[in-house]
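Thanks for coming. I will take a few minutes to walk through one structure, beginning with a single detail and then widening the view.

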Amino acid sequence: GFSLGPSDRALVSPVMRMLTIHAAGGTAMMRAVVDAVRERAAELGGTAPLVFAVTVLTSLDNDDTAEILRRAALAREAECDGVVCAAAEVPAVKANLGEEFLTLVPGIRPAGAERGDQRRTATAAEAVANGADYLVVGRPILEAHDRRAAAKALLDAL
């Protein structure tokens, strides 16, 4: 089983809103995490963070939609709130698992930007147009000379 202890107060802090686990761990593992997170949050009198299962890392070239959907279905069965997937996979996830099943999309890059180690990237506008619920933007902002301007440019592109 999976358990959380007294030092897990961060699970209900205002800072932690989401956490990710790997769908490759299987339904039982994912369900154990979801149950433990919810139980501990209830014990502490707070709101549990959303639990997202990683389907296939966006740094990989894997575009096997059937495998991604299989892992997403396991995550939904385990009562995860959603999955981490590439922007191009969002329409299939939503069509097969429902609009309420959340998608968290990494690999967001401004138009024309270097992909770095990411293989399956998209612009923020492309990800939102595909139905993404949440976007992960790291390096395009963190590595920018002017982080505020980089963040504003991404938001303006929406």
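Which residue in strand 2 is the bridge partner of histidine 22? The partner is valine 54. Before I go further, please keep in mind that this is a predicted model.

That pairing belongs to a longer contact between strands. Strand 1 and strand 2 run parallel and are joined by 5 bridges. Together with helix 1, these two strands make a β-α-β unit, and the unit is right-handed.

Now the other neighbour of strand 2. Strand 2 also runs parallel to strand 3, residues 82-84, with 3 bridges between them. Within that pairing, alanine 53 has valine 83 as its bridge partner in strand 3, and phenylalanine 52 stands opposite glycine 82.

Let me put those strands in their sheet. The sheet is open, has 5 strands in the order 1-2-3-4-5, and its pairing is parallel. Strand 1 and strand 5 are at the edges with a single partner strand each, so each has one side without a neighbour in the sheet. As a general point, strands of a sheet pair through backbone hydrogen bonds, either parallel or antiparallel.

How buried is strand 2? Of its 5 residues, 4 are buried, so strand 2 is largely enclosed by the rest of the structure. One residue to look at there is phenylalanine 52, which is buried, with a relative accessible area of 0%.

Phenylalanine 52 also brings us to the aromatic rings. The structure holds 1 aromatic pair. It is formed by phenylalanine 52 and tyrosine 134, and it counts as edge-to-face because the ring planes are at 85°, with the centres 5.9 Å apart. The two residues are 82 apart in the chain, phenylalanine 52 in strand 2 and tyrosine 134 in strand 5, residues 134-135, so the pair links distant parts of the chain. Unlike its buried partner, tyrosine 134 is partly exposed, with a relative accessible area of 31%.

Next, the nonpolar interior. The largest nonpolar core has 30 residues, and those with the most contacts inside it are Ile21, Met30, Ala53, Cys80 and Val83. At least two core residues come from each of strand 1 (18-22), helix 1 (27-43), strand 2 (50-54), helix 2 (65-77), helix 3 (90-97), helix 4 (124-129) and helix 6 (147-157). Helix 1 gives the largest share, 4 residues.

What does cysteine 80 touch, leaving out residues up to four places away in sequence? Cysteine 80 touches Ile21, Met30, Val34, Val51, Ala53, Ala75 and Phe101. Apart from the largest core there is another one, of 5 residues, including Val54, Val84, Leu102 and Leu104. Val54 is the residue I opened with, the bridge partner of histidine 22.

Finally, the chain as a whole. The protein chain has 6 helices and 5 strands, and along the sequence they follow the pattern β-α-β-α-β-α-β-α-β-α-α. Of the 158 residues, 39% are buried. Taking contacts between residues at least 6 apart in sequence, 63% join residues at least 24 apart. The accessible surface comes to about 8,600 Å², with 53% of that belonging to carbon and sulfur atoms.

To recap, the parts to find on screen are the parallel sheet in the order 1-2-3-4-5, the core of 30 residues, and the edge-to-face pair of phenylalanine 52 and tyrosine 134. That is the end of the tour.

Methods
Residues numbered from 1 in each chain as written. Predicted model: local features only at pLDDT ≥ 70, side-chain atom pairs only at ≥ 80, totals over all residues. Heavy atoms only, no water. Core = buried A, V, L, I, M, F, W, Y, C linked by side-chain atoms within 4.5 Å. Buried < 20%, exposed > 50% of the residue type's maximum accessible area, 1.4 Å probe, protein only. Contact = heavy atoms within 4.5 Å. Phe/Tyr/Trp six-rings, centres within 6.5 Å; stacked < 30°, edge-to-face > 60°. Pairing = 2+ DSSP bridges. Right-handed = clockwise from strand over helix to strand, strands pointing away. Areas by Shrake-Rupley, 256 points an atom, 1.4 Å probe, with all protein chains shown as cover.
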